[in-house]
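Visitor: I would like a close look at a single part of this structure. Could you take me through it slowly, and point out what it touches?

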Amino acid sequence: MTAITTTNGLVSPATSDRAAKVGLWASAVLSMAILLFIIGYIVIEGISVVNIPFLLGSPVLSGAKGGILPAIVGTICLMAVTLSSAVPIGVGAAIYLAEYASDSVATRTITFGVECLAGVPSIVIGLFGYAFLVIYLGFGFSILSGGLALMAMALPWIVRTSEEAIKAVPLTVREGSLALGATKWQTVSRVVLPSAIPGIVTGAILGVGKAIGEAAVLMFTAGSSLLMPSSLFDPVRALPYHIYILASEGISNPMAYGSSIVLLAMVLAINLGAIAIQAHYGRRYGRN
Amino acid sequence: MLAKTREKIIETVLFLSAATAITIVLLILIFLLKEGLPILMKVGVIDFCLGMTWNPIAIAGEPEYGIFPMIMGSIYVAIGSLILAVPLGLACAVFLAEIAPAWARFSLKHAIELLVGIPSVVLGFVGLVLLVPFVRDHFGGCGFSILAGSIVLAVMALPRIISVSDDAIRSVPRAYKEASLALGATHWYTIKKVILPSARSGIIAAVILAMGNSIGETMAVLMVVGSVACLPSPLYDVLDPVRPMTSNIAIEMSYATGDHAQALFATGIVLFVMVGMMTWLSHKVLKSKMGTAR
């Protein structure tokens, strides 16, 4: 392989090619190492804390002792509110953009809005949630306020992934249905959506998984009560915010490690669930 | 007739859900302005953005609202994170797109997805217990520093840079690469002189987007930068603590009232505008690529 490449003449092209590849492999290994190190460190430091009383107990002394059950329950409630508000709106928006929208000013404004919302920093969503949901609408620091604020974080992601899943359904399938005399909505709801469901569900799950870690949104909207919530209007302290308080106020590092493991496990379970759904149903109409 | 009305109603409902995102963006703008504009008018936009002193609860004299040190704090950590994350991220993207065998691509891709999934507060916590003492012991200073903030942000920015650059590199037409290889250039020479230049705009867009994300990131930075509302002295001392805009809001919002709370909303406006500009710029760069390369 004598090459036309003229490097500086000191190193042959073949050598520099080999050296570069070694460098690229090394950077890939380094990235993997960073990930494994972070997760490994947390698990090693915190695994001794995680046991049944920790998972099912209530916090004692602001979380320095006891368990984290109220925070786990609060986190799950927040996710439920986020899912049930973001999924219908997000999927509806995706159907509109993929099936109904023509290339008009209105459509371009809508797409622009989705892109804008995706770019808004989490702390700004937190401020907005505080001013609008907590104060203006009078929801107070509550599961409802927190869940709806997280909805604003998850929505753009859900719209994008659902739109992609719907657009991946081939045109011929729609034409077949329309040719049989079905209306547009019948075609969309009975033919297009069932094919796109795995992609939509995966996107929705991942969107909520991304949103739930955002302590910056929750600290101004969901409150920081360590009591077990009994209604949608009760304040809760979500796990990410609990970790922040434990660590930054120096309450207890071991408890913060333990809580981090639980939060990581929840996010991991969400991601694995999404992967499993995709693997099970497969991509009926794959793009790749 | 009935079916037609039904179709119309459904389309309207779908349109309304599609309009939700832009409605939320408008509501965010309205409420930020409603809460933040009065203080911006009172202090003056220029004085607010370029003022050097942040002293919202003055014991004696007038409170001062100047966020210039915090704007610079945000920029310091964001640029620091890019300096660390861009070379590594780009190398990983080239690795993924060009030389990784299937198994390596598969595992690295999934590792990146996992890295995105780690909540920022967990990264900040690891930074607090590991990185801060490490910086203190090996580099000096108090540990809470621009350097620590940049490293944590770099870990957050890494997966985003990798996946967007990977896409950009993969969208370079195969013919370019094959032509170069057919001329006898080595693989590395082809990557350096043909593939990377062709993917340039996609990569630049990824870097700008990562910068916007870093400026907007709160929890991870908050826990490691030290949150001192001054410029580092001397200006290049990366071992000094700073306070980015996001930290300012997160720390003080819990007890701020009156003008002070308004000033925090005004900080939010500045943050919103800065991140918005980054997002816009990156889209602009991407669009320009669509025009030329294809």
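Guide: What follows is a close look at domain 1 of chain B and its contacts. Please keep in mind that this is a predicted model, and that the domain assignment of chain B gives domain 1 as residues 2-55 and domain 2 as residues 69-293. Taken over C-alpha atoms, the centres of domain 1 of chain B and domain 2 of chain B are separated by 27 Å, and the contact between them takes 11 residues from domain 1 of chain B and 13 residues from domain 2 of chain B. On the domain 1 side, the elements of chain B that give two or more residues are H2 and helix H3 (45-50), and H2(B) gives the most, with seven residues. If we sort the residues of this domain 1 side by class, we find nine nonpolar, one polar and one charged.

We can now turn to the place where chain B meets chain A, since helix H2 appears there again. Here 68 residues of chain B are in contact with 70 residues of chain A, and helix H2 (residues 20-43) of chain B gives the most to the chain B side, with 10 residues. By class, that side of chain B has 50 nonpolar, 14 polar and four charged residues. Helix H2 of chain B therefore gives the most residues in two places, because it leads the side of domain 1 of chain B that touches domain 2 of chain B and also the side of chain B that touches chain A.

Notes: Residues are numbered from 1 along each chain as its sequence is written. Chains are lettered from A and ligands numbered from 1 in the order in which they are written. This is a predicted model: local features need pLDDT of at least 70, side-chain atom pairs count only at pLDDT 80 or more; totals for chains, interfaces and linings use all residues. Two residues are in contact if their C-beta atoms, placed from the backbone, lie within 7 Å. Helices (H or I, at least four residues) and strands (E, at least two) are DSSP runs, numbered from the N terminus. Ala, Val, Leu, Ile, Met, Phe, Trp, Tyr, Cys and Pro count as nonpolar, Asp, Glu, Lys and Arg as charged, and the others, Gly among them, as polar. Domain bounds come from an automatic or database domain assignment.
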